[in-house]
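Open the model in your viewer and keep the selection box ready. The tour goes from one helix to a domain interface, then to some unusual backbone spots.

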Amino acid sequence: MWKTVGHDKAVSALSQALTDNRMSHAFLITGASRVGKMSLALDMARALNCIGDDPPCGVCGQCRRVTDELHPDVRVIGLEKDSDTGRLRTVISIDQVREVQRDVSLKPYEGKSRVVIFDGAENLREEAANSLLKTLEEPPDQVVIILLALDAANVLPTILSRCRRIDLRPIGAEIIADHLYRLYTTDRQLAEEVARMSGGRIGWAIQATQEPEMLEAISDRLDAVEQTVASSLEARFEYAEQLARRFSQGRAEVLEELDLWLGWWRDVMVISQGKPELVWNVSRLSALQSTSASTSLSQAAATVKAVQRAIDLLQRNVNSRLTIEELMLAVPNVVISPA
Ligand SMILES: [Zn+2]
């Protein structure tokens, strides 16, 4: 059974390709963070190695070893920690790619296919990407390379052209809520609220359901977003400085906070369009309505774009403080009346 939830089209296309024995050797799976890219890639790794009747059966030794991260032929390559600073590096190194190449030149150790998953293909820069390109151009038999990326626009075109693309879209809130209620919580209201907050990102929703402290942390961050939206430019610049400082210590956390900015302005847009039932941050409805009342739809849309651009630039390692300051300048002046 495929574990992937809510991406039925991609799953059925892949199962058909498996049945017809015409799997590609290289895939690029794109989609928002935690939308299900890694789940699908691991499903593919199971399906390619499964020895059960209906791959991926999920229960045979091969499937289980992939699930338990113990399969010697299935590897996930991502950003490594720098041994000197202990921080995550910002690129996948050429040494990591070379190691993969040594690996894939050998026959699978115990399975039918070697599967290499690159988590964050946008972190493959020129040298490493060019090196990987050779493998993508002439893939050894029994090797499948799966690249994951947030946005194909940030993957080098030479790489892009060698991969079969699978674009994962946000999943409907109803599907996520049902899944959460079936497997992760007995609280239907919580399932529905988290499903809406997730913006279609099921991995995020599952984690939030299991970790109440995550929801609390989000609530604190939303407080910061709400305050900053309604504050003076000076206060916004202070916020920008603080965010940039935190970015140098841990990128993921700041990118998550900017995701909340994105969600905020996306919510303002849907309210301005007269569809409050589609709001993600249900707990902030009244502040969102105030924001919507003091901005136009086109201002909200422009702000969504500005936040997206800032996230994009930060992922490409552009000067973080300037980028966030520029974003703060692009956010319209808003008055939020007390609820
Ligand atoms: Zn199996």
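**Stop 1: helix α7.** This is a predicted model. Start by selecting α8 (188-197) and α9 (202-210), which are part of what covers the buried residues of α7. Now add α7 itself, residues 173-183. Its buried residues are Ile176, Ala177, His179 and Leu180. These four sit on the same side of α7, because the arc they cover around the axis is only 165 degrees. Turn to the other side of α7: Glu174 and Arg182 are exposed there.

**Stop 2: the domains.** Colour by the domain assignment: domain 1 is 8-167, domain 2 is 172-210 and domain 3 is 212-330. Hide domain 3 for now. Between the C-alpha centres of domain 1 and domain 2 the distance is 27 Å. Select the contact residues: 4 from domain 1 and 6 from domain 2.

How much area do domain 1 and domain 2 bury between them? The value is about 400 Å², with 44% of it on carbon and sulfur atoms. On the domain 1 side, pick Ser33, Arg34 and Val35. They lose the most area to domain 2, and together account for 92% of what that side buries.

Next, look at the polar side of this interface. The rule finds 0 salt bridges across domain 1 and domain 2. Polar contacts between the two domains number 4 residue pairs, counting pairs with both residues at pLDDT 80 or more.

**Stop 3: Arg34.** Stay on Arg34 from the interface and show its backbone. Arg34 is not a glycine, yet its phi is positive, about 65 degrees. It belongs to the loop between β1 (26-30) and α2. Is Arg34 buried or partly exposed? It is partly exposed, at a relative accessible area of 37%.

**Stop 4: Pro55 and Pro56.** Move along the chain and select this pair. The peptide bond joining Pro55 and Pro56 is cis, with omega about -10 degrees. Pro56 is found in the loop between α2 (37-49) and α3 (61-67).

**Stop 5: Glu69.** Continue past α3 into the loop that runs between α3 and β2 (74-77), where Glu69 has its place. Check the backbone: Glu69 is a residue other than glycine with a positive phi, near 60 degrees. Then switch on the surface. Glu69 is exposed, with a relative accessible area of 73%.

Note on methods. Residues numbered from 1 in each chain as written. Predicted model: local features only at pLDDT ≥ 70, side-chain atom pairs only at ≥ 80, totals over all residues. Heavy atoms only, no water. Buried < 20%, exposed > 50% of the residue type's maximum accessible area, 1.4 Å probe, protein only. Helix = DSSP H or I, 4+ residues; strand = E, 2+ residues; numbered from the N terminus. Arc of directions from axis to C-beta. Contact = heavy atoms within 4.5 Å. Domains from an automatic or database assignment. Buried area = accessible area lost by both parts, 1.4 Å probe. Salt bridge = Lys/Arg side-chain N within 4 Å of Asp/Glu carboxyl O. Polar contact = N/O pair within 3.5 Å; in protein donor to acceptor, adjacent residues only side chain to side chain.
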